[in-house]
Amino acid sequence: QVQLVESGGGLVQPGGSLRLSCAVSRSIFSVLGWYRQPPGKERGLVALITSSNRTMYSDSAKGRFTISRDNAKNTVYLQMNNLKPEDTAVYYCNGVLAGGGHYWGQGTQVTVSS
């Protein structure tokens, strides 16, 4: 059974930082990514990283967020700096198989508020 387990969410003040982690039970994904779903809105892409460490970011994440992966630990990270209230959302880890199948974690809440 494949599992993706997020951690690292929480409450942070504007301008602060958080690092999200996603532990993957099996190293089978060609692409790993982070998505987020703000209250009342649809889930959208934040960042993704391929098995060759190519990365892609949403416009809102560029320059503030960094995605990375540690293949030895089967873990993908999202370092978030200079957080803003509009970054408040549930953040989901996503894994994509080479054949196109998607797997999701359970989500972790990030709240940016003073």
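1. Two strands count as paired here if DSSP finds at least two bridges between them. The model under review is predicted. By that rule β4 pairs with strand β5, residues 44–50, in the antiparallel sense, over six bridges.

2. How many residues lie between β4 and β5 in their hairpin? There are six, and G40 in the turn has a positive phi of about 75°. One pair to look for in the structure is R36 opposite G44 in β5.

3. β4 covers residues 29–37 and also runs antiparallel to strand β9, residues 89–97. Eight bridges join β4 to β9. R36 appears again in this pairing, standing opposite Y91 in β9. R36 therefore can be used to find both partners of β4 on screen, as G44 in β5 and Y91 in β9 each face it across a pairing covered by the rule of at least two bridges.

4. Another group of strands should be read separately. Four strands form an open sheet, ordered β1-β3-β8-β7, with antiparallel pairing. Which strands lie at the edges? They are β1 (4–7) and β7 (65–70), each of which pairs on one side only. On average, neighbouring strands of this sheet are turned by 15° against each other, with direction ignored.

5. As general background, strands of a sheet pair through backbone hydrogen bonds, and the pairing may be parallel or antiparallel.

6. Within the open sheet, β8 spans residues 75–80 and pairs with β7 in the antiparallel sense over six bridges. Q79 in β8 is the bridge partner of T66. β7 and β8 form a hairpin with four residues between them. N74, in the turn of that hairpin, has a positive phi of about 50°.

7. β8 also pairs with strand β3, residues 18–24, again in the antiparallel sense and over six bridges. Here S21 stands opposite Y77 in β8.

8. Why is β8 described as largely enclosed by the rest of the structure? Buried means under 20% relative accessible area. Five of the six residues of β8 are buried, so the strand is largely enclosed by the rest of the structure.

Key: Residues numbered from 1 in each chain as written. Predicted model: local features only at pLDDT ≥ 70, side-chain atom pairs only at ≥ 80, totals over all residues. Heavy atoms only, no water. Helix = DSSP H or I, 4+ residues; strand = E, 2+ residues; numbered from the N terminus. Axes fitted to C-alpha atoms, helices over the stretch in contact; angles between N-to-C directions. Buried < 20%, exposed > 50% of the residue type's maximum accessible area, 1.4 Å probe, protein only.
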